[in-house]
4 protein chains.
Amino acid sequence: MSSRSPDAKAPDPARRNDRSRRAILDASLTLVAEVGYNKLTIEAIAARAGVGKQTIYRWWPSKAAVLLDASLALADDAKTEGGWTGFPDTGDLAADLKLVLRATVDQFNDEKYEAPMRALTAAGATDPDLSARFTEQLLKPQLALYEERLRAAREAGGLAPDVDLPLTVEMLVGPLTYRWLMGTAPLTHAFADELVDRVLGGVSKVTEG
Amino acid sequence: MSSRSPDAKAPDPARRNDRSRRAILDASLTLVAEVGYNKLTIEAIAARAGVGKQTIYRWWPSKAAVLLDASLALADDAKTEGGWTGFPDTGDLAADLKLVLRATVDQFNDEKYEAPMRALTAAGATDPDLSARFTEQLLKPQLALYEERLRAAREAGGLAPDVDLPLTVEMLVGPLTYRWLMGTAPLTHAFADELVDRVLGGVSKVTEG
Amino acid sequence: MSSRSPDAKAPDPARRNDRSRRAILDASLTLVAEVGYNKLTIEAIAARAGVGKQTIYRWWPSKAAVLLDASLALADDAKTEGGWTGFPDTGDLAADLKLVLRATVDQFNDEKYEAPMRALTAAGATDPDLSARFTEQLLKPQLALYEERLRAAREAGGLAPDVDLPLTVEMLVGPLTYRWLMGTAPLTHAFADELVDRVLGGVSKVTEG
Amino acid sequence: MSSRSPDAKAPDPARRNDRSRRAILDASLTLVAEVGYNKLTIEAIAARAGVGKQTIYRWWPSKAAVLLDASLALADDAKTEGGWTGFPDTGDLAADLKLVLRATVDQFNDEKYEAPMRALTAAGATDPDLSARFTEQLLKPQLALYEERLRAAREAGGLAPDVDLPLTVEMLVGPLTYRWLMGTAPLTHAFADELVDRVLGGVSKVTEG
DNA sequence: AATTAAACGAGACGGTACGTCACGTCTTTTC
DNA sequence: GAAAAGACGTGACGTACCGTCTCGTTTAATT
């Protein structure tokens, strides 16, 4: 949905009003937290942002696309403000992963991030185009950081040499996301810790040699 | 969502027209596959089912609730028609899990099941009430089957005695669902197999004794 | 414009809410007098009438069509309330015509009637369908009354036997309407009187026998 | 409408681009004939004329004002191209009037002139400012020609000495315009002829001396 | 010729109203 | 007397133009 139909003449990004763009992104985040995704309307975003509806439709194809951009901006801000210095690598893989997964748990429990996240997940579930952008722009960069750390660990000899790194990343992130999304049980730091241990060590009984 | 406000006179379930009920559930499944969840409307369901709108509003609070009931019926049918005889227990845990996870992969890839599944996931992501019913009525019973099989394995000595069974279930189901939902990579049997092996054995390098 | 496109299923007039219908007609007359035809909007009519927009669109194709129906109702009311007892026929044609034309002048000068009249004239000027309905339903019945009176006069020997009655009617109504519409000069009773005299007697110098 | 608010700095007419001015007037005439007055937009005129919207707003207050100027130019062209040599005066008033009214009938029936004429009539009907300009600049000069001819006739003794000239002009032009605008009957040369005869001679039975 | 100021083309902007769609409620008609 | 049919008030949709407001770019009058 990031592309427009070929017959529609694209607007000129150089003439874009950045003040309006920011106001729209801010308003969409505020509103999605206030009223939820289902009751979020483009009219309300425009009104809250003090902007004409057409200014939104000119630059985004749907409210979900607005939220995606807003979330990207939010993620950038979070990285900047949070003093993010890269995925931790203390040499202790389990500890590093627990640190990051605990932070992810906290983020999932922080309604400021949760509302747009749920909105994008919902929208992406039934909109392949949006889902692709969501995954590509927001998720993949984060997953890549995990993968990088895991690769370092593998080369350092802490992981099985034939391990599938993307799979491993999803073994960490998947259960956490699943529990968050389905609400099967509360998301806690203990859950994150246990998950890391079990992913690394497996659940089978270890037979003594 | 399933309950009504106390002042609204509840309809008498005994007088319910089962022919209409089935027609509505069928129509909702057909339509969600045809036009997708976002463009699914109660008016269209009513028209397709040859039913008045009020007949839908009388028994369900939202289109998502209709779809949930339709999916429950679908799951029942699948179990019956598929000759389901309970979660397999051949004694070989890995083999049993792979069998089931492969079937789940197939189901995720079958658009007949995928459309309502995505719809419910989307709806549940932003509607806690529906999410609760979805989890409780559709998901939990399935997860319980995994858990039961894992408990048997633990008692048989194949799993670590202190393993957290719900966590383990989510380690199996979570990554699979994550990949399905986010589209990070194709869902294949190989993925299911590898996942089972890694969940059981862990991803760490096995140090020789 | 009174007919709908054949593929659109027509609403059932029997189920029409007459309260809403009246409210819409009243609101359109009030509003056109308040803000003028150009600033008259269907949204405002709906709001003022306490009615959904769709209820207007369901029964009328345009705001002009609403105004036409409103004017027809207004004309009916005026006839009823004004104690109208038919076109006067005292035997004195000139006097009768002056009476009626003076009343028409008064009506043109009464803003209650003028606003919708100007609106319909404006709309009809560029919309042949509407113009046809306007002429047929509102104008023709009035012109027919003139014609009837003139026919009586012709048969009574007061008019030339070969006179063209519709032409004569338009010689009376045309100049009056022209002056009203173009604003070339004020519309007064004196104008009406003089017009009647000149139509009957002509403008040429009468040569003595 | 032709004047601007005092705080707005007036543009310098000396620097006006006449190429653009003509293009705008031409485009407005073309478009009003193509799509009708209601669907005529300033944006479309600008696009068709290859001109910025602001260039229109700089010089005209409304699309109707553009059309009025375009019609004035059109009338000038018609007069020039038509080899107009002044209102005819052969001494035979009836013949002269018939000649001119027939030409007016032809003009009303020529869609090239009809479209802008209907547009201006419609716009003028609900916009007093425009109506005044329309009457003053386009209509009055034409009516003055009739009046002049009638004055000559009166002085020559062909008309009653106490006849009201503007009234007489409107007795000629009014019925014709009325029939054109309301569509009560077709506009023909015969109609023009008969009208002239009846205006001059009246419709009453002539009593023998 | 170089400067300069305004008109110009283009088009993004904050708005308003459009005509349509679906919502969830309510009423009418039919079987 | 349950339920189909569908009219209703409501409100958001996405579009079309409005009239205003920058932007560079001509263009024509003044240095």
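A residue is near a molecule or strand if its C-beta atom, placed from the backbone, lies within 6 Å of that molecule or strand. Ala, Val, Leu, Ile, Met, Phe, Trp, Tyr, Cys and Pro count as nonpolar, Asp, Glu, Lys and Arg as charged, and the others, Gly among them, as polar. The model is predicted: local features need pLDDT of at least 70 and side-chain atom pairs count only at pLDDT 80 or more, whereas totals for chains, interfaces and linings use all residues. Residues are numbered from 1 along each chain as its sequence is written, while chains are lettered from A and ligands numbered from 1 in the order in which they are written.

**Exercise 1. Describe the protein surface near DNA strand E.**

Step 1. Around DNA strand E there are 43 residues, and A:Gly52, C:Thr41, D:Asp12, D:Asn17 and D:Gly52 come nearest.

Step 2. The elements concerned are DSSP runs numbered from the N terminus, with helices (H or I) of at least four residues and strands (E) of at least two. At least two residues each are supplied by α3 of chain A, α2 (42-49) and α3 of chain B, α2 (42-49) and α3 of chain C, and α3 of chain D.

Step 3. Sorted by class, this surface has 9 nonpolar, 17 polar and 17 charged residues.

**Exercise 2. Describe the surface near DNA strand F in the same manner.**

Step 1. DNA strand F is surrounded by 38 residues, the closest being A:Thr41, B:Asn17, B:Gly52, C:Gly52 and C:Thr55.

Step 2. Elements that each supply at least two residues include α2 (42-49) and α3 (53-59) of chain A and of chain D. The largest share, 4 residues, comes from α3(C).

Step 3. The classes are 7 nonpolar, 17 polar and 14 charged residues.

**Exercise 3. Which residues of chain A carry the UniProt annotation "DNA-binding region", and what is their secondary structure?**

Step 1. The unreviewed UniProt entry places this annotation on residues 41-60 of chain A. UniProt positions are given in the numbering used here, feature names are shortened, and annotations may be inferred rather than shown by experiment.

Step 2. Over residues 41-60 the chain is 75% helix and 0% strand, and the end C-alpha atoms are 13 Å apart.

**Exercise 4. Analyse the contact between chain B and chain A.**

Step 1. Two residues are in contact if their C-beta atoms, placed from the backbone, lie within 7 Å. The contact takes 46 residues from chain B and 46 residues from chain A.

Step 2. On the side of chain B, two or more residues each come from α6 (111-126), α7 (128-155), α8 (165-182) and α9 (189-201). Helix α8(B) gives the largest share, 13 residues.

Step 3. This side of chain B divides into 22 nonpolar, 17 polar and 7 charged residues.

Step 4. Copies are superposed by least squares on the C-alpha atoms of residues with pLDDT of at least 70 in both. A turn of 179° with a shift of 0.1 Å along the axis lays chain B on chain A with an RMSD of 0.1 Å. The same surface serves both copies, since 100% of the contact residues of chain B recur in chain A.

**Exercise 5. How are chain D and chain C related, and where does chain A stand?**

Step 1. Chain D can be laid on chain C by a turn of 179° and a shift of 0.0 Å along the axis, with an RMSD of 0.2 Å. The two copies are therefore related as by a two-fold rotation axis.

Step 2. In this pair, 46 residues of chain D are in contact with 46 residues of chain C. Helix α8(D) contributes the largest share of the side of chain D, 13 residues.

Step 3. Chain A does not touch chain C, the nearest C-alpha atoms being 17 Å apart. Chain A does not touch chain D either, and there the separation is 14 Å.

**Exercise 6. Is α6(C) largely enclosed or largely open, and why?**

Step 1. Helix α6 (residues 111-126) of chain C has 16 residues and reaches 23 Å from its first C-alpha to its last. This is close to the 22 Å expected at 1.5 Å a residue, the expected span being 1.5 Å times one less than the number of residues.

Step 2. A residue is buried if 20 or more other C-beta atoms lie within 10 Å of its own, exposed if 12 or fewer, and partly exposed in between, with C-beta atoms placed from the backbone. Because 12 of the 16 residues are buried, α6(C) is largely enclosed by the rest of the structure. Among them are C:Met117, C:Arg118 and C:Leu120.

Step 3. The cover includes α1 (18-35), α4 (63-81), α7 (128-155) and α8 (165-182) of chain C, together with α6 and α8 of chain D.
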